[in-house]
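Me: I would like to learn how to read individual features of a protein model, taking them one at a time. Could you go through this one with me?

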Amino acid sequence: MGRASDQCGAGGRATLLVLADGRFPAGGHAHSGGVEAAVRAGRVDGVATLALFCRGRLQTAGLVAAALAAAAAAGTDPLELDALADARTPSPALRATARRLGRQVMRAARVIWPGGELDRLAALRPRGAHHPVVLGVAARSAGLGDEDAAYCCAYEAAQGPVTAAVRLLGLDPFEATAVLARLAPEIDRVVADAVRAAHTGTEALPAASAPLLDITAEAHAAWPVRLFTS
Amino acid sequence: MHLGHPHMPTEAGGDAPARTVRPEGTRRALRIGLGGPVGSGKTATVAALCRALRARLSLAVVTNDIYTREDAEFLLREAVLPPERIKAVETGACPHTAIRDDISANLEAVEDLEDAVGPLDLILVESGGDNLTATFSRGLVDAQIFVIDVAGGDDIPRKGGPGVTNADLLVINKTDLAPYVGSDLDRMARDARERRGTLPSVMTSLKEADGVAPVARWVTDQLAAWVA
Ligand SMILES: Nc1nc2c(ncn2[C@@H]2O[C@H](COP(=O)(O)OP(=O)(O)OP(=O)(O)O)[C@@H](O)[C@H]2O)c(=O)[nH]1
Ligand SMILES: [Mg+2]
């Protein structure tokens, strides 16, 4: 499948850096990707356990998100993908989070890379479509391709929890970032799998799940005192 | 009650918050941010402003708590506004990020309030207590109030920083405590004038009846300019 950049001539590597930047202003900083609950439960207590957590999230939620984003960036109907994302997100708390983050990416992307496809999706899903779907459409609007969109989601699956864990546990930021660096080859493989699935068709999109993330997300959403929204 | 009425779209120029008109063509609410150090009296100011203005204006409040919903719950408990007019935003351990670098969640709260209980005249956005460098993005608020208090040390105006120096209004609160903490109010006023040039500062004691009056007057003036 051709890169969207073939058509619009934008969307080089620098554009990908803008979209993938952890400081992209789309609300991600208030979310921990489930690591706050894992820290409270004692399952993540340092860099070693953080690496295991990130690996698990990357191979499950990360893979699913990357494939949905790749499909959206390749031009698959975002409403169909939104329904498929719902089916892959059993936790109501995580569905709400995904739609909220999707709405926030939409708000940012419509200013940064305005375009008719973003406007249409925003009109059809004013309360937000799932985050990876919106991210894929935003990538398209930026002239990026399916692989680029998959990279954003796969990278975020690990980068979100790492940033949050630095704040929650006071980890050495160098060691925490080394966790991400060591995961890089695995992120590459997840992206390759995600893009291959997206090319095959929507029936081939992965549905890997992480039941513990689903369960703890529900509990976390009910905590009265917490640092992160999810 | 609502002061606004449908009117022709007008775009503000420069870097001012450009979208002053809601999609359906009505003027959006004026948004005023309240920032300042922990415990200086931001929530108390918001509560007092709501009591002073709610009979005349259609109001809503967004709170940014650091890790609880205490501020929103305080406002609910005090019943300064009906619950549907108060919304809490969670800031992921970084209160200044949510009002300055990544305003997504706050913009969403503002939009949701206008959708749910609008049309609104005024939305007050309270920042989570932070340090002297925290200021609001112009993409989120039209004007900002920085609240400090006399008990935090009478050298704070002299120290300056973006909040003290550039906020559209500086509030020096808890003047009732000055004798007990040995703060020199004249010096605070003098230092504030020196730092702020022509920008206004007011002193308040929210423990006194109608202690918020100088802030309420300033807010009313801002609103008059907004709807003019
Ligand atoms: N004596 C005195 N106490 C005040 C005054 N204004 C507020 N307080 C008290 O100061 C304390 C903190 O006030 P808040 O309004 O919660 O402060 P805040 O800035 O919202 O605090 P955070 O949101 O936690 O940063 C409360 O106990 C208030 O009752 C005042 O003018 N005089
Ligand atoms: Mg407060």
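Me: In which loop of chain B is B:Lys174 found?

Reply: Bear in mind from the outset that this is a predicted model. B:Lys174 is found in the loop of chain B that runs between β6 (169-173) and α7 (178-181).

Me: What is the sign of phi at B:Lys174, and how should I read such a value?

Reply: The general idea is that most residues other than glycine have a negative phi, and most peptide bonds are trans. In this structure B:Lys174, although not a glycine, has a positive phi of about 65°. B:Ala79 is likewise not a glycine and has a positive phi, of about 55°, and its place is in the loop between α2 (70-77) and β3 (86-90) of chain B.

Me: Which two residues does a cis peptide bond join?

Reply: The bond in question joins B:Gly118 and B:Pro119, with omega at about 0°. B:Pro119 has its place in the loop between α4 and β4 (122-126) of chain B.

Me: Is B:Lys174 buried, partly exposed or exposed?

Reply: Here one goes by the relative accessible area, for which buried means under 20% and exposed means over 50%, with partly exposed in between. B:Lys174 has a relative accessible area of 24% and is therefore partly exposed. B:Thr204, in contrast, is buried, because its relative accessible area is 2%.

Me: Where is B:Thr204, and which residues does B:Thr204 touch?

Reply: B:Thr204 has its place in the loop between β7 (201-203) and α9 (213-227) of chain B. Not counting residues up to four places away in sequence, B:Thr204 touches B:Val171, B:Ile172, B:Asn173, B:Lys174, B:Thr175, B:Gly211, B:Pro214 and B:Val215, a list that includes the partly exposed B:Lys174.

Me: How do I set a database annotation beside the model, and which residues does the annotation "binding site" cover?

Reply: An annotation is best kept apart from what is computed from the atoms, as it may be inferred rather than shown by experiment. In the unreviewed UniProt entry, the annotation "binding site" covers B:Gly36, B:Pro37, B:Val38, B:Gly39, B:Ser40, B:Gly41, B:Lys42 and B:Thr43. That entry also carries the annotation "domain: CobW/HypB/UreG nucleotide-binding" over residues 32-198 of chain B. Over those residues the chain is 40% helix and 20% strand, and the end C-alpha atoms are 19 Å apart.

Me: What are the surroundings of B:Gly41 and B:Lys42?

Reply: B:Gly41 has its place in the loop between β1 (30-35) and α1 (42-53) of chain B, whereas B:Lys42 is found in helix α1. B:Gly41 counts as buried because its relative accessibility is 11%, and B:Lys42 is buried too, with a relative accessible area of 3%. Leaving aside neighbours within four places in sequence, B:Gly41 is in contact with B:Val147, B:Asn173 and B:Leu206. With residues up to four places away again not counted, those that B:Lys42 touches include B:Leu34, B:Glu126, B:Ser127, B:Gly128, B:Gly129 and B:Val147. Also among them is B:Pro37, whose backbone oxygen lies 2.8 Å from a polar atom of the side chain of B:Lys42.

Me: How many residues of each chain are in contact, and how much area do chain A and chain B bury?

Reply: Contact counts and buried area are read side by side. In this model 21 residues of chain A are in contact with 20 residues of chain B, and the two chains bury about 1700 Å² between them, 42% of it on carbon and sulfur atoms. A:His29, A:Arg107 and A:Leu227 supply 33% of the area that chain A buries against chain B, more than any other three residues.

Me: How many salt bridges and polar contacts are counted between chain A and chain B?

Reply: The count is 6 salt bridges, and 11 residue pairs are found in polar contact across the interface. One salt bridge is formed by B:Asp112 with A:Arg127, where the closest N and O atoms are 3.1 Å apart. Helix α6 (residues 92-112) of chain A gives the most to the side of chain A that touches chain B, with 5 residues, and by class that side has 10 nonpolar, 5 polar and 6 charged residues.

Me: Which residues of chain A are in contact with B:Ser104?

Reply: B:Ser104 lies in helix α4 (residues 104-117) of chain B and is in contact with A:Pro25, A:Ala26, A:Gly27, A:Gln104 and A:Arg107. At 4% relative accessibility, B:Ser104 counts as buried.

Technical notes
Residues numbered from 1 in each chain as written. Chains lettered and ligands numbered in written order. Predicted model: local features only at pLDDT ≥ 70, side-chain atom pairs only at ≥ 80, totals over all residues. Heavy atoms only, no water. Helix = DSSP H or I, 4+ residues; strand = E, 2+ residues; numbered from the N terminus. Buried < 20%, exposed > 50% of the residue type's maximum accessible area, 1.4 Å probe, protein only. Contact = heavy atoms within 4.5 Å. Polar contact = N/O pair within 3.5 Å; in protein donor to acceptor, adjacent residues only side chain to side chain. Buried area = accessible area lost by both parts, 1.4 Å probe. Salt bridge = Lys/Arg side-chain N within 4 Å of Asp/Glu carboxyl O. Nonpolar A, V, L, I, M, F, W, Y, C, P; charged D, E, K, R; others polar.
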